[in-house]
Structure formats: structure tokens, C-alpha cells
Amino acid sequence: MKLIALVGTTAAKSYNRNLLHYMQRHFSDQAEIDVNEITDIPLFNEPDQSAVPSTIHALNDKISHADGVIIGVPEYDHAVPAALKNVIEWLSYGLHPFANKPIMLVGTSLGVQGTCRAQEELRNILNAPGVDGIVLPGNEYMLSYAQKAFNPAGDLTQAGSIDFLESCFAHFVQFIKTLQGSTTTKVDWQANYDVIVLGFGGAGATAARFAADDGAKVLLVDTAPFGHEGGNTRYSAQHVVTGDSLEKLTAYYQALGAPFKTPAKTLNAYLTGMSRIPDYFQKYLGIKAVSWKHDIKPGDAVAVKKTMAEYPELPGSDTVDFALVHKRDKDAGLWKVLRKEVLNRTANIDVWLASRAQHLIQDPVSKAIRGVQIERNHHLVNVHANHGVVLAMGGFENNPALTETYLHSHHLTPLGTLYNRGDGVRMAQEVGAKMWHMTNYESHGILPGITFKEGPNERGRQIEQWPLLKHGSIFVIADDGTRYFPEDAKHRHGHIQTHGSWLIPMMNQHPYLVFDQHQYADFKQQLADRGRLPYPEFMDKLVKADSIAELAAQINVPAANLEQTVTDFNHYTEVGRDYAFGRDPQTMRALDAGPYYAIAAANDVLNTQGGPQRNENAQILDTNDQPIPHLFGAGELGGIVANCYQGGGNLAECLIFGKLAGESAANTEADGELVTTTTANGINDLADGESAANIPLKPDQFLGSSNSGLGGKVVVRVTYHDQAIQNVEVVQHHESEDVGLVAVSKLPEEIVAANSTDVDAISGASASSRAIKEAVNDAIQHAQRGTAVHN
């Protein structure tokens with residue numbers, strides 16, 4: 001194999017030159033690499049074709065006859081060097097040696113970023129009309145701290161860098177062979193579908209349903225196991241934003257996004273769909289939508305809202321309303337409807353759960369997406385998609401590398417699903433998708449931007465109504481022991497008003513709530529009065545000390561700062577004004593003489609918004625704003641929200657763009673590849689999981705069930721004799737991993753002790769508690785009728 005390497009600079013000393021010569025030696029048994037300089041290339045001046053310099057003709061001949069090109073690209077001022085751009089201008093003027101030529105990019109830098117901006121710019125240049133190079137996707141080799149990377153002989157010394165370079169080069173060799181046709185482009189497919197939908201939340205369920213309704217055979221895939229599918233849709237409040245005036249919705253959403261702008265056609269597709277949500281419910285879900293503005297009355301089992309619009313001060317906000325599936329929220333009601341729509345189409349939709357998509361399979365020339373590689377039962381399965389793939393995989397809130405890169409935090413405690421791991425972002429980047437809104441995310445928690453600290457891989461608690469956390473002798477501190485926001489601030493999905501902007505309070509590694517003995521007594525009283533606190537683990541997680549200095553030492557903050565914070569807080573209380581942050585003095589009480597307490601908090605995330613950009617047809621765009629063939633997107637992955645967020649907007653986006661993505665994918669022209677293998681077709685983990693378990697029953701035992709659980713059906717086995725509930729066992733459920741499991745373990749005991757289902761719901765698990773009580777009542781009805789089996 002013969003390769004041409006270009007040193008992308010005229011500098012006398014260049015680590016990129018060193019790297020290319022190292023590659024020339026290191027890979028000599030795999031390829032002949034001819035390293036070329038560009039120092040003798042004159043400045044491009046668009047001459048007559050007959051006057052093209054001989055140096056350009058010579059370079060053109062070398063590239064034309066080579067199997068591939070390697071370019072060592074430095075980065076000057078965040079861009080490619082002018083000399084390299086000059087060479088490419090010559091070689092796209094009359095002569096076009098880069099056309100359809102495989103190209104690999106490598107780069108070195110003196111700092112940590114390793115020519116990332118220059119490589120991105122060079123990819124765009126090489127993809128430009130008239131250049132038409134085929135750049136190796138992914139495999140971006142960027143050598144940081146190059147001055148330390150080579151030994152005196154010019155060889156790389158770091159094993160990790162060498163391994164990665166070898167991996168990138170191996171992919172380049174395979175890339176060349178594939179484009180040349182010297183190795184087959186045939187993929188070993190194990191399954192064949194018309195449409196593959198990745199992600200089984202609201203967006204994925206909707207996309208799969210509408211693709212199936214348009215005649216497609218669909219595979220729906222999710223990494224979560226059975227009973228935990230649903231993404232963030234399952235955990236959301238089930239509010240779908242709508243509004244009867246498209247004109248006002250447009251004004252409102254333009255103001256929400258300002259100063260950023262969403263492409264007009266994409267925004268219009270979203271808002272047109274939003275204005276028709278009640279019709280959508282009726283036509284596609286068979287439900288007459290409950291209008292929050294017009295149908296909700298005092299006493300209904302929904303959260304209290306003073307205004308429908310999250311930002312009522314913005315133009316057009318008065319049109320905002322919410323659609324609900326019934327007069328109840330925070331119960332997964334909408335999710336269960338969407339899930340049932342998928343179950344109703346098992347003839348056309350297969351579902352793989354506990355199956356993690358790894359890579360999109362892309363044609364190297366046309367860039368069309370041919371299918372997906374999926375890890376299932378510890379095996380990689382290649383699944384072909386005749387018409388398209390829909391990415392509906394949610395955000396990246398459970399991916400520390402991505403949250404660190406884009407959200408300035410190594411860890412954000414998730415309030416929603418634990419399975420949004422950023423796979424959609426990674427896979428979209430691999431095929432050249434354009435990313436947008438990557439730094440935008442929403443929050444909630446116990447106070448703006450924070451929740452109680454949990455263990456690894458545990459969801460955080462969202463407790464909206466607990467006045468004792470922000471009323472009394474209590475405040476929040478940052479890493480340095482000082483306060484950093486008003487604890488009583490009205491927040492909008494975690495955002496509070498800061499100097500005219502709505503922002504989530506700044507990140508800290510270990511925030512704490514700090515309070516005194518008086519506040520502790522208030523918590524104890526609430527516990528005594530109600531039998532439990534909104535956060536049951538609260539008392540167990542407290543740190544206690546006799547003095548502020550001792551407390552500071554225990555929670556690892558500067559004692560002087562924390563003591564001054566207490567002094568300032570008490571002074572503000574005394575004078576009746578919080579000079580630091582403007583907290584209402586009526587909510588403040590001076591800290592007493594101790595003891596003192598603290599409980600660890602953590603920055604939290606409800607969902608991220610960033611990902612691959614899509615257009616009005618739900619097509620995912622590449623870095624040149626052109627659709628990537630056969631690739632579509634919906635939901636939070638690459639969501640619309642660029643700045644301020646209106647509650648209910650993500651669910652509306654799931655429904656609107658889920659429908660667009662499913663229909664667009666199903667109606668896209670097939671790729672023409674004849675795939676007959678269906679070895680892995682016909683598997684449906686959802687339908688199999690829904691099948692009734694063979695639950696044994698002894699005398700006086702009865703089954704009962706309820707569909708009111710957060711995750712779906714709850715089945716109980718009740719031992720009932722002489723009008724007494726003797727035992728309650730939850731034998732089948734899909735409740736959430738945290739507080740839902742508390743209800744599953746604790747509530748049966750309380751029902752048995754009371755011999756009644758008229759017991760308090762477990763705090764924070766109202767849906768799970770209600771489902772268990774309904775299932776027990778159902779079993780008791782069977783007991784009283786003398787029927788032992790419930791279907």
C-alpha cells in the first residue's frame with residue numbers, strides 16, 4: 001500500500017513532521033509512506049491552467065497515484081496554517097487529486113487540546129465541493145504535549161499514544177481497502193428491519209409506533225432492562241405544553257431562546273405540532289386531553305400552578321397551556337399510554353431491552369446509515385435498516401466524561417433515568433453529525449440546582465414542597481463554606497434569576513445544608529407529627545458538631561469562612577435584610593448556640609438538551625448542515641431548547657418529532673441492499689415480560705393487580721383469612737430503583753399492621769403506593785368473591 005503524507009506547515013521545526021516520519025518508520029511493514037513538504041509551494045493566485053507550478057503538478061501526481069493521504073496538521077490561532085490551506089486551494093483548482101481519496105488526519109500540539117479545532121476545520125475544507133476528499137471518520141489522532149512525547153531518536157515513548165495511533169492507522173488501512181473494493185463491504189447481518197429506533201422513551205415509543213403505522217417492520221432498542229424502560233418520560237410530571245395560538249407560541253419561544261436562534265423551519269415544525277397537541281391526543285392516543293387551564297379544579301390530584309407559562313413575563317406567554325391524559329400528574333400516565341401503543345403493535349414492532357447500541361454502520365462513500373451494531377447478551381449483533389435509523393436515546397447526564405466536558409461537572413446526580421449515558425451523542429459524532437445545545441440542561445431537586453447527595457448510580461430526590469429546607473435557621477454553603485444563592489429563590493427548572501439572566505446556581509463539588517439545634521428540633525417535630533419526613537434518610541445522614549469550627553472540619557470547609565457566614569446570616573436576620581442574596585428576611589432566623597448540623601447535597605440534573613441537530617423533517621444534519629442519509633432524531637437528544645426551558649416542552653418534542661422521525665424514516669427510499677438474514681428477528685422482550693408470571697397460590701392466597709405503578713403493572717399476592725389481611729407480597733413490579741422500592745418493601749407491612757389499605761403513601765412514591773394499595777384491594781375483592789386467580 002502506497003501512502004502520501006503532507007507536512008502541514010512550512011516551519012523549520014515541526015512536531016507534526018516528526019510524527020509523520022515516525023509513522024513512516026513504525027508502519028513500514030504495512031505501507032510505504034512518502035513524507036512530503038509544502039515549503040516550495042507558491043501563493044495561490046488563480047493563474048491560467050498552463051501556468052500551474054510544476055511543484056503542484058508533481059504533488060498532484062503523487063496524490064493521484066497513492067492509495068491514501070495522511071496530513072499532519074498543526075493548529076495556528078484555532079485554525080489550519082495558511083500554507084496548508086494554500087496547497088489545498090492549488091489542488092482544487094483544475095486539478096482534483098483529493099477527489100474520492102481516503103484521507104487520515106493527525107496532529108500535534110504543545111498543549112492539551114491537540115489540534116482539535118484545526119482538524120475539525122480541515123475536515124470541512126476537505127469535504128468542500130471541488131476538493132471532495134473522503135476523510136476517515138472518528139479516529140482523530142491528536143498528540144498533546146508533543147515536546148515531551150518523542151525521544152532523541154524521534155520515536156514516541158508513551159505506550160498509550162502508540163496504541164491509539166496504531167488503532168487509528170489500522171482503521172485507515174481498512175478504510176482504504178473498503179473504498180478500493182479490495183475487501184468486501186458486505187456486513188455480516190444477523191437481523192433485518194425497515195426501521196430501527198434506538199431508545200424506548202416517549203420519543204422512541206412514538207417514532208416506533210408511527211413507523212409501524214406507515215407499514216414499516218420496526219426494531220425498538222433500549223439499554224434499560226424490562227420494567228425500567230421509559231427514559232425520562234417515565235419520570236417526568238406528564239405535562240405536555242400546548243397553546244391555541246401559533247403566533248403567540250412563536251413569539252414566546254423566540255423570546256425563550258434569545259439571544260440564540262433556532263432555524264425557522266425547525267422551530268415552526270415544533271410549534272405547529274405544539275399548537276395541535278389536543279387534536280394529537282384525540283386522534284393518535286384516543287384520549288380527550290385534559291386542559292390544565294380550563295379543566296383542572298381545586299382539589300384535583302395535580303401540582304399547584306399559578307401560571308401555565310414558566311416565563312409569564314415574555315411575549316406570547318398567555319397562550320400557554322398543558323395537556324394531560326387525565327386529572328392526575330407525576331404518575332407516568334402519558335408514558336403508560338405510549339408504552340401500550342407499542343404493545344398494541346407487537347406484530348410490527350419487536351423490542352429489545354437490556355441491549356445497548358454501540359455503533360451506527362455507515363456507508364463510507366454515500367454516508368448513508370445502513371444499520372446498527374448492538375450489544376445483546378454479551379454478543380455484538382449487526383442489524384440492517386432498509387429505510388432508516390432513529391436516534392431517540394435521551395441525553396448524557398449519566399456520562400461523567402461528557403458532563404465534565406460540556407456541563408463543568410464530573411458528576412451530576414440524575415433525577416430521571418439512570419440509563420441516559422450519552423451513547424446517542426457518541427454514535428452521532430462518529431458519523432459526522434453536527435452537535436448543538438450541548439451546554440444546556442435542566443434541573444429541579446430540593447432547592448435550585450441541588451438535591452441530597454446519594455451513592456454512585458443512584459437517582460436523586462425531587463422534593464418541591466419542604467419549607468423547612470428554606471425557612472428558618474438554615475442555609476446552603478458552597479465548597480468554601482459561604483452561601484452562594486438565596487435559598488428561598490423561585491426557580492424555573494433549577495434556574496434562578498442572576499443579574500438579569502436565568503441560570504442554574506454555579507457548580508460546587510460538595511455543597512451542604514447547614515442548620516442549628518432549633519431547626520433540628522423543627523425537623524424532629526415534623527417527623528413526630530407525620531411519622532416520616534419527605535426524605536426518609538434525612539436524620540441518618542446528618543453530620544453533628546458542638547461548634548461551627550468542628551462542623552467545618554467534619555465537612556471539609558474553611559472554618560473561618562463558615563463562622564463568618566453564620567455571623568453574616570445572623571446579622572442579616574437582625575437587621576431584616578439579606579444584603580448578600582436578597583432572601584426574604586421573613587424566612588430567616590438567627591442560628592443559636594448549637595449544636596450544629598449539616599447534610600451533604602449534590603448538583604443535580606433533570607435532563608440534558610444537547611445532541612445532533614435535526615431539521616424540520618427530523619433528519620439529523622452533518623457539519624455542513626446537510627442531512628445524513630437514513631438518520632433521524634427525536635426527543636431530548638439534540639432537543640430544541642437553546643436557552644430557557646418551558647415545562648412540558650420536552651414531552652411535546654417527544655410526541656411531535658417522534659412522529660416526524662418515525663414517518664420520515666418509514667417513507668425514506670430503501671437502501672437497495674438485499675438482506676435475507678433474519679436470525680435475530682422476532683424477539684420481543686416487552687411482550688414476553690408482560691406475560692403473566694406463573695405465580696403459585698396456597699389456600700387463602702389471592703392475586704391482585706394495578707396498572708397505576710410508575711413502571712407499569714404491579715401484582716400482589718395477599719393472604720386473607722377471616723376478614724384479616726395476614727400477609728402482602730409484591731410479586732411483580734417495575735417501580736423505580738430508589739423510593740419506589742421503599743414503597744414496595746415498607747407499604748405491605750403497614751397495610752398488614754393496619755389490616756387496611758387506608759395508610760399513608762410513602763413520601764415521594766405516591767404512584768407506587770397507590771398501585772400497591774389498588775392491587776391489594778383488588779386481591780381482597782377476589783378473596784371476598786372466592787376467586788383465587790386474577791387475569
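Contact here means heavy atoms within 4.5 Å, a cut-off that will serve us at the first helix on this tour. You are looking at a predicted model, in which local features need pLDDT of at least 70, side-chain atom pairs count only at pLDDT 80 or more, and totals for chains, interfaces and linings use all residues. Residues are numbered from 1 along each chain as its sequence is written, and side-chain values use heavy atoms, with hydrogens and water left out.

**The overall layout**

Start by colouring the domains, whose bounds come from an automatic or database domain assignment. Domain 1 covers 2-180, domain 2 covers 191-442 + 607-667, domain 3 covers 450-601 and domain 4 covers 691-785. Between domain 1 and domain 3, the C-alpha centres are 56 Å apart.

**Helix α12**

Next, select residues 400-407, which form helix α12. Helices (H or I, at least four residues) and strands (E, at least two) are DSSP runs, numbered from the N terminus. Show the side chains of Leu-402, Thr-403 and Leu-407: these are buried (under 20% relative accessible area, against over 50% for exposed and in between for partly exposed, with a 1.4 Å probe and protein chains only). Look down the helix axis and the buried residues of α12 fall within an arc of 95°, so they line one face; the arc is taken from the directions from the helix axis to the C-beta atoms. Now add α13 (423-430), β18 (441-442) and β26 (607-608), against which these buried residues pack.

Both ends of α12 deserve a click. At the N-terminal end, Asn-399 acts as a cap, with a side-chain oxygen 3.1 Å from the backbone nitrogen of Ala-401. Just after the helix, His-408 has a positive phi of about 60°.

**Strands β30, β31 and β32**

Move on to residues 714-721, strand β31, where seven of the eight residues are buried. Two strands count as paired if DSSP finds at least two bridges between them. On one pairing, β30 (residues 701-706) runs antiparallel to β31, joined by six bridges; pick Phe-702 and you will find Val-718 of β31 opposite. Then bring in β32 (residues 724-732), which pairs with β31 in the antiparallel sense over seven bridges. Here Tyr-720 has Ile-725 in β32 as its bridge partner. Two residues lie between the strands of this hairpin, where Asp-722 takes a positive phi near 55°.

**A last stop at Lys-340**

Finally, select Lys-340 in helix α11 (residues 333-343). Is Lys-340 buried or partly exposed? Lys-340 is partly exposed, at 46% relative accessible area. Draw a C-alpha to C-alpha distance from Lys-340 to Val-106: the two are 50 Å apart in space and 234 residues apart in sequence.

Methods:
A polar contact is a pair of N or O atoms within 3.5 Å; within protein, one must be able to donate a hydrogen and the other to accept it, and residues adjacent in sequence count only if both atoms are side-chain atoms.
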